Amino acid sequence: MFKLHIFRAVVENFVVAVAAFSLGYYFTAMFHLGTAEVGGLWSVISGVFVMADKESLTIKSARMRIRASFLGCLVSGLYLYFFPFTVVGFAICIAVGVFLCHIFRIPDHIKTTSITICVVIIISAIVSDIGPIANAALRFAESFIGALTAVAVGLAGMYIFKVKRAE
């Protein structure tokens, strides 16, 4: 049987994918064309990750995503500013990210912080014509763009569909 809340979820995720990719791509292209596709991809990943069944959960997830992404970008950007990529350094960054999440009492941020560290460090290892701080800043901005897109689409969907999501 067709249910309106399922249709709403399908439409919202479609819109998030198109809008987040476009916004992330064009934003990143203004600063570094070589990673514009990554910018779109990272924005979509952030947006899809943030989407939830309730608007309040989407907003809470967006806050978590932004904090965790900031922490991951900070750790990896600082590391790459002072040191070149090594596998051991990469692992140390992840360990530092996990440690900081525990110190700041945000253990639910560990996975997102670690994934962000992975993305920033590996992109810096692959793409040599972008500085580590610029790379980390772009990845944070893209994550922010995706999270904000998901919140905007979720709130718009609430008014357009005038139906609550599944409980």
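## A first question about C93

Is C93 buried or exposed? C93 is buried, with a relative accessible area of 3%; buried means under 20% relative accessible area and exposed over 50%, with partly exposed in between, using a 1.4 Å probe and protein chains only.

Before going further, a word on the source: this is a predicted model, in which local features need pLDDT of at least 70 and side-chain atom pairs count only at pLDDT 80 or more, while totals for chains, interfaces and linings use all residues. Residues are numbered from 1 along each chain as its sequence is written, and side-chain values use heavy atoms, with hydrogens and water left out.

## The overall picture

The chain has six helices and zero strands, so from the N terminus on its elements read α-α-α-α-α-α. Here helices (H or I, at least four residues) and strands (E, at least two) are DSSP runs, numbered from the N terminus.

Along its principal axes, the C-alpha trace spans about 55 × 35 × 20 Å. The chain has a radius of gyration of 17 Å, which agrees with the value near 15 Å for a compact globule of 167 residues. That radius is taken over C-alpha atoms, and the globule rule is 2.2 Å times the number of residues to the power 0.38.

## Surface and contacts

Of the 167 residues, 44% count as buried. The accessible surface of the chain comes to about 9100 Å², and 75% of it belongs to carbon and sulfur atoms. These areas come from the Shrake-Rupley method with a 1.4 Å probe; for residues, only the protein chains shown count as cover.

Contact means heavy atoms within 4.5 Å. Among the contacts with a separation of 6 or more, 72% are made by residues 24 or more positions apart.

## Cysteines without a disulfide

A disulfide is a pair of cysteine sulfur atoms within 2.5 Å, and by this rule the count is zero. For C73, the closest cysteine sulfur is that of C93 at 12 Å, too far for a bond. C93 is in no disulfide either, as its nearest cysteine sulfur, in C118, is 9.7 Å away. C73 counts as buried, at 5% relative accessibility.

## Two serines in helix α2

Helix α2 covers residues 36-50 and holds S43; S46 has its place in α2 as well. What goes with this position? S43 counts as buried at 0% relative accessibility, and S46 counts as buried at 0% too. In general, an α-helix has 3.6 residues a turn, so residues three or four places apart point the same way.

Leaving aside neighbours within four places in sequence, S43 is in contact with A20, G24, E142, I145 and G146. With the same kind of neighbours left out, up to four places away, S46 touches R65, E142, S143, G146 and A147. A polar atom of the S43 side chain lies 3.0 Å from the backbone oxygen of E142.

## Helix α6 and two positive phi angles

Helix α6 (residues 132-161) has 30 residues and reaches 43 Å from its first C-alpha to its last, close to the 44 Å expected at 1.5 Å a residue. The expected span is 1.5 Å times one less than the number of residues. Just after α6, K162 takes a positive phi of about 45°.

Most residues other than glycine have a negative phi. R105 is not a glycine, yet its phi is positive, at about 60°. R105 lies in the loop between α4 (87-103) and α5 (110-126), and it counts as exposed at 74% relative accessibility.

Terms used
Polar contact = N/O pair within 3.5 Å; in protein donor to acceptor, adjacent residues only side chain to side chain.
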